[in-house]
Amino acid sequence: KKKKKNFIKKIMIIQGKSGSGKSLFCRHLEEILWNKYKSNSQNYIPIYISLPKIYHKENEKDIILQFLQSKNITKETINSIREKISFIFIMDGFDEIYDFYRKNNHEQYFYNRFNLNQWNAKIIITCRSNVLNDEDINNSLININKNQNIITSMIYLWPFTKQQMHNYIEKFVNNNNNNNNNNNNNWTSQEYETTLNNFPNLQKMIEEPFLLRLILTVLPSLVKQYGIGSKISKTQIYEVFNNQWIDTHCQDIISKLSELRIQININKIKLKLKQYCLNLGFDMFYQGNQVAIESEYQYQNNDEILNKLDPIIEKENKNNEYEKIDIKIIDNKEEKEEDIWEKYFNADSIAKYVLRRIGENKYQFLHKSCQEYYAAQKIIYDIISWKPNLININYIDNQQFQQQFEIYVSKLLLNYKLLNEEIGIIQFIADRIHDTNSIFINLKSRLFRIIESSKNNPKVSIAASNAATILNIAKVSLSNKNWDKINIPHAILDYAFLEGTSFKEANLDYVRFFHSFLNFADFTNASINQINFGEYGYLKGHSKIVTFAQFSPDGSKIASSSYDKTIRLWDVLSGKQIQIFKGHSSI
């Protein structure tokens with residue numbers, strides 16, 4: 001009777017794509033549970049915790065305690081209720097802190113790291129799909145530990161149904177009308193739905209709550225800019241949305257300045273805000289942190305983007321105009337981590353105009369996908385803004401162009417960090433490959449040039465791997481390429497078209513080729529450590545169980561025997577059977 005009862009702890013992991021509505025769902029759940037608690041104090045008290053807002057490597061063990069103290073609950077009160085009251089902790093955005101989380105402690109399991117066993121609580125934790133691999137999820141969120149009485153379940157947020165989209169659009173229109181919002185020309189819900197139906201490629205996007213709201217916000221502008229029925233990419237939607245967002249804040253700034261009788265060119269303000277977002281978006285990606293903590297840098301150069309076609313494809317189009325954009329390369333590698341955010345905050349910080357304040361001194365973009373958009377655009381501008389060092393670029397040949405470009409590749413932002421865990425950034429860059437705007441005309445060819453440059457310089461392997469991944473995600477054919485000696489470790493080439501491509505002596509360590517089309521691809525003497533084809537290699541020929549297999553001393557052949565009473569000789573490179581020996585009466 002005196003034996004203490006072991007209570008079962010329950011954890012729910014919620015996964016969903018970026019923009020699938022995880023935070024919206026959690027806030028809604030908190031409201032429902034809170035109303036239940038108010039009607040019956042025996043129910044659990046819901047506590048919503050934004051992990052990007054509250055998390056710091058120094059406060060992991062006391063993360064719940066510090067959050068409650070931030071709500072003006074004293075430590076004494078917390079200690080008195082810790083085990084007497086039942087809680088549901090809704091911990092949102094684990095993926096956004098994961099880059100720091102995984103580097104900080106040998107203990108990976110979040111339940112132990114956050115000291116959650118001290119609370120009488122059920123736990124809900126959210127994480128974006130495909131950010132953590134299966135091993136990370138097992139170690140950090142599930143933990144195979146039979147000594148703890150913990151039941152972990154995992155659920156996935158489904159996309160909106162047609163009815164849910166209809167209901168959402170009606171609420172959006174009602175909110176606009178109630179707020180006297182004239183930005184969208186007072187469209188009715190029927191006008192929105194009819195217009196959306198005229199854009200077939202948007203149908204999949206509007207299944208995600210955040211994207212649906214974002215598209216509804218800019219739909220009249222999209223119609224005006226691209227026309228009904230156009231194929232509009234996700235990147236173009238974000239471009240229009242972010243421009244509209246900045247325009248709104250520019251008007252606010254102009255209004256405040258006019259009250260002080262100060263006049264300023266609104267285009268200069270817009271440019272300043274865009275430059276700020278490009279810089280900050282990339283730094284957040286590079287630092288692996290979605291929150292900027294208050295502590296002066298703005299773009300200071302005006303460079304023309306080279307939208308003149310590079311030599312190799314120059315004949316295709318010679319009638320392009322230059323477009324100006326600000327760009328400046330910052331060597332983030334030399335900056336100290338603790339100083340990284342200082343340049344984004346000053347006396348009258350831009351942050352308060354374009355960012356969302358989530359704490360006393362913490363800021364982030366409206367949504368993680370907005371940060372991904374700006375990080376991608378800065379990487380793109382960095383690639384396409386380079387110009388050869390010649391007075392007359394009309395007379396530079398392809399070899400000279402490539403030689404000069406290769407010197408620059410190691411300094412590219414694309415060479416700073418692998419993008420494999422940033423599928424949002426990859427997709428934004430990939431979209432621009434097919435963009436009809438002339439300033440992006442050289443993006444595809446320059447990504448190929450980056451891969452080519454890795455043949456002579458292994459130090460640009462990160463840029464080359466990222467370039468290969470982006471081209472593949474953009475569904476660009478990679479067939480019949482001479483990629484001998486390229487260095488693209490960790491590239492993602494799943495489902496790639498690589499027929500006839502030569503990888504002789506290439507560094508393909510950790511490259512993924514799942515379901516890739518590799519007919520006549522040549523891997524002679526390539527480095528293929530931990531390469532992943534999505535399946536084990538096999539030799540097809542024996543009709544019964546194989547009893548023995550052995551490589552030849554030079555590794556070029558395999559000999560095998562089987563219960564089918566045959567011995568077979570195989571060529572390792574081709575996988576073809578060279579010879580079959582029959583005649584044995586038994587095994």
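What should the 17 residues of helix H14 span, at 1.5 Å a residue, and how far apart are its end C-alpha atoms? Keep that one in your head for a minute, and I'll come back to it.

Okay, hi everyone. What we have up here is a predicted model, so please keep that in mind for everything I say. Let me start with the overall picture. The protein has 587 residues, and 47% of them count as buried. Its accessible surface comes to about 32100 Å², and carbon and sulfur atoms account for 48% of that. As for the pieces, you'll find 18 helices and 14 strands.

Now back to my opening question. For helix H14, which covers residues 368-384, the expected span is 24 Å. In the model the end C-alpha atoms sit 25 Å apart, so the two values agree. And is H14 covered or uncovered? Mostly covered: 17 of its 17 residues are buried.

While we're in that part of the chain, have a look at Leu413. You'll find Leu413 in the loop between helix H15 (398-409) and helix H16 (423-433). Being in a loop doesn't tell you about burial, so here's the value: the relative accessible area of Leu413 is 0%. Buried means under 20%, so Leu413 counts as buried. There's also a link back to H14 here. Ile380 falls in the 368-384 range of H14, and the C-alpha atoms of Leu413 and Ile380 are separated by 9.0 Å, with their positions 33 residues apart along the chain.

Next, the cores. How many residues does the largest nonpolar core have? The count is 110, and the residues with the most contacts inside it are Leu414, Leu447, Ile450, Ile488 and Leu493. Let's zoom in on Ile488. Not counting residues up to four places away in sequence, Ile488 touches, among others, Ile451, Ala464, Ala468, Leu493, Leu508 and Val511. The list also includes Ser461, Ser465 and Asn507. Apart from that core lies another one, of 36 residues, with Leu51, Leu116, Ala121 and Cys127 among them.

Right, on to the sheets. One of them is an open sheet of 5 strands, with parallel pairing, and the order is E2-E3-E4-E1-E5. Why do E2 and E5 each have one side without a neighbour? Strand E2 (45-50) and strand E5 (150-156) stand at the edges, each with a single partner strand, so one side of each is left open in the sheet. On average, neighbouring strands here are turned by 15 degrees against each other, direction ignored.

Inside that sheet, strand E1 (residues 9-16) pairs with strand E4 (residues 121-128) in the parallel sense, over 6 bridges. If you want a spot to click on, Ile13 stands opposite Ile125 in E4. Helices pack on this sheet too. Helix H1 (residues 22-39) touches E1, E2, strand E3 (87-92) and E4, and its direction makes about 155 degrees with that of E2. Then there's helix H7 (residues 134-142), which touches E1, E4 and E5 and makes about 130 degrees with the direction of E5.

Let's jump further along the chain. Here 4 strands form an open sheet in the order E11-E12-E13-E14, and this time the pairing is antiparallel. The edge strands are E11 (546-551) and E14 (577-581); each has a single partner strand, so one side of each has no neighbour in the sheet. Neighbouring strands in this sheet are turned by 15 degrees on average, direction ignored.

Let's walk through the pairs. E11 and strand E12 (residues 557-562) are antiparallel over 5 bridges. Phe548 has Ser561 in E12 as its bridge partner, and Gln550 has Ala559. E11 and E12 make a hairpin with 5 residues between the strands, where Gly555 takes a positive phi near 75 degrees. At the other end, strand E13 (residues 567-571) and E14 pair over 4 bridges, antiparallel again. Leu569 is partnered by Gln579 in E14. E13 and E14 form a hairpin as well, with 5 residues between them, and Gly575 in the turn has a positive phi of about 75 degrees.

One last residue: Val546, in strand E11. Val546 is partly exposed, at a relative accessible area of 44%. Leaving aside neighbours within four places in sequence, Val546 is in contact with Ser560, Ser561 and Ser562. The C-alpha atoms of Val546 and Thr566 are separated by 9.7 Å, and the two are 20 residues apart along the chain.

That's my tour. Thanks, everyone!

Methods. Residues numbered from 1 in each chain as written. Predicted model: local features only at pLDDT ≥ 70, side-chain atom pairs only at ≥ 80, totals over all residues. Heavy atoms only, no water. Pairing = 2+ DSSP bridges. Helix = DSSP H or I, 4+ residues; strand = E, 2+ residues; numbered from the N terminus. Axes fitted to C-alpha atoms, helices over the stretch in contact; angles between N-to-C directions. Buried < 20%, exposed > 50% of the residue type's maximum accessible area, 1.4 Å probe, protein only. Areas by Shrake-Rupley, 256 points an atom, 1.4 Å probe, with all protein chains shown as cover. Contact = heavy atoms within 4.5 Å. Expected span 1.5 Å × (residues − 1). Core = buried A, V, L, I, M, F, W, Y, C linked by side-chain atoms within 4.5 Å.
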